[in-house]
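Welcome, and please take a moment to look over the sequence and the model below. We will then walk through them together.

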Amino acid sequence: MKDALIKVMFEAAPVRAEVVTVDEAWREVCDRHDYPPAVQRMLGELVAASVLLSANLKWNGALVLQMHGHGPVRLAVVECQADLSMRATVKFDSSRTIDADAGLQELLNADGEGKFVIVLDPKDRQPGQQPYQGVVPLRGQTVAEVLEHYMIASEQLHTRLYLAADTERAAGLLLQKLPIEGGHAQNPDEDAWDRAQLLANTVKPEELLQVDPQTLLRRLFWEETLRVFEPQPVTFHCSCTREKVADVLLMLGQADVQELISERGEVLVHCDYCNQAYTFDPVDVTQLFNTGSPHAGILPPGAARH
Ligand SMILES: [Zn+2]
């Protein structure tokens with residue numbers, strides 16, 4: 001299966017591994033934007049990481065990974081839902097030439113002030129309830145190193161990540177040492193974590209990009225007894241709607257929106273993630289501020305017609 005995540009548990013030790021390959025869903029992200037190769041690679045690695053980490057969460061909500069910086073890239077964001085549907089975007093300075101080999105620090109952390117932010121936003125969040133947010137400095141030469149630092153500093157979880165991306169695929173391998181209390185093993189194999197890391201360290205980016213997940217897991221851990229779980233599909237999905245864009249316009253206020261209308265004749269908003277265009281003409285805008293409805297000629301439920 002393409003676009004899938006496979007989870008395995010080591011039978012003899014509290015170690016888990018996951019492999020993800022994102023093909024079609026990754027191309028959906030790439031086709032909607034024109035990212036320079038180095039930016040695309042970095043975003044693809046972040047996409048793979050977000051799916052690997054989401055699959056580990058035992059709750060229903062969105063996992064958002066953000067890298068903020070002051071290089072040619074200002075912001076990279078991936079949002080992955082519990083069902084492994086994801087969307088991703090980058091804000092970068094398109095007027096600057098970005099070297100095809102530019103690394104993470106060069107792209108995002110020119111002044112050393114870059115931040116990595118992880119947000120856990122529960123689906124049933126109550127009004128006024130804030131999502132969980134963790135912030136750490138952007139330490140590391142790769143997306144994988146930044147995340148490994150975060151996981152040990154904030155979650156006290158020994159985690160190894162191996163990530164790769166090209167124009168066709170974003171892929172990754174996650175290895176995690178589970179706390180013994182929650183482990184399933186009767187007689188934990190003390191050396192298993194070290195052995196698993198040694199084996200995982202041999203994985204090459206080309207393998208992540210070319211080999212299917214089942215074959216890769218067999219190739220890496222053929223000496224181990226693994227419990228393999230059903231593959232989970234990974235999809236691209238953007239949750240933007242005309243209603244959400246209308247809410248932003250309402251927050252902006254009538255005066256500012258009317259000014260845009262008089263300058264350009266209409267308000268055109270593109271979704272940062274999927275590039276979908278939302279147009280509001282003068283009639284739509286009048287309707288929006290009179291009734292709160294983003295649909296011209298349609299009144300919201302309960303609204304009285306005057
Ligand atoms: Zn969208």
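The paragraphs below go from the zinc site to the salt bridges, and then to a few helices.

This is a predicted model, so to speak of local features we need a pLDDT of at least 70, and side-chain atom pairs count only at pLDDT 80 or more, while totals for chains, interfaces and linings use all residues. Residues are numbered from 1 along each chain as its sequence is written, and side-chain values use heavy atoms, with hydrogens and water left out.

Let us begin with the metal. Which protein atoms are the donors of the zinc ion? They are the SG atoms of C238, C240, C271 and C274, at 2.2 to 2.3 Å from the zinc ion. Donors here are N, O and S atoms within 2.8 Å of the metal (3.2 Å for Na, K and Ca); water is not among the atoms, so sites may look incomplete. The arrangement is tetrahedral because the 4 donor atoms subtend angles of 102 to 115 degrees around the zinc ion; for four donors, that term requires all angles to lie between 85 and 135 degrees. Along the chain, the spacing of the donors reads C-x1-C-x30-C-x2-C. Within this set, C238 and C271 link distant parts of the chain, 33 residues apart: C238 sits in the loop between strand 12 (235-236) and helix 8 (242-252), and C271 in the loop between strand 13 (267-270) and strand 14 (277-280). Helices (H or I, at least four residues) and strands (E, at least two) are DSSP runs, numbered from the N terminus. C238 counts as buried at 14% relative accessibility, and C271 counts as buried at 10%. Buried means under 20% relative accessible area, exposed means over 50%, and partly exposed lies in between (1.4 Å probe, protein chains only).

With cysteines in view, how many disulfides does a search of the whole structure find? The search finds 0. A disulfide is a covalent bond between the sulfur atoms of two cysteines, and the cut-off used here is a pair of cysteine sulfur atoms within 2.5 Å. Take C80, for example: the closest cysteine sulfur to its own is in C238, 13 Å away, and so too far for a bond. C80 is also buried, at 0% relative accessibility.

C80 appears again in the surroundings of S50, a residue of helix 2 (residues 37-54). Setting aside neighbours within four places in sequence, S50 is in contact with L63, L65, V78 and C80, where contact means heavy atoms within 4.5 Å. S50 counts as buried too, at 0% relative accessibility.

Now for the charged side chains. Side chains of opposite charge can pair when their charged atoms come close. The structure holds 11 salt bridges, each being a side-chain nitrogen of Lys or Arg within 4 Å of a carboxyl oxygen of Asp or Glu. One of them joins R227 and E11, at 3.9 Å from N to O. This pair links distant parts of the chain, 216 residues apart, with R227 in strand 10 (residues 226-228) and E11 in the loop between strand 1 (4-10) and strand 2 (15-22). R227 counts as partly exposed at 36% relative accessibility, and E11 is partly exposed at 35%.

Another salt bridge pairs R169 with D23, whose closest N and O atoms are 2.7 Å apart. R169 lies in the loop between strand 8 (159-165) and strand 9 (170-177), and D23 in the loop between strand 2 and helix 1 (24-31), so this pair ties together parts that are 146 residues apart in sequence. Are R169 and D23 buried or exposed? Both are buried.

Helix 1 is also home to R27, which is partly exposed at 26% relative accessibility. Beyond its neighbours within four places in sequence, R27 is in contact with T167 and E168. The C-alpha atoms of R27 and F236 are separated by 9.2 Å, although these residues are 209 residues apart along the chain.

Our last stop is helix 10 (residues 282-291), whose buried residues are D284, V285, Q287, L288 and F289. Covering these buried residues are elements including helix 8, helix 9 (254-264), strand 13 and strand 14. At the start of helix 10, a side-chain oxygen of D281 comes to within 3.1 Å of the backbone nitrogen of V283. After helix 10 comes G292, with a positive phi near 80 degrees.

Technical notes:
Tetrahedral: all angles 85-135°; square planar, octahedral: opposite > 155°, others 65-115°. Polar contact = N/O pair within 3.5 Å; in protein donor to acceptor, adjacent residues only side chain to side chain.
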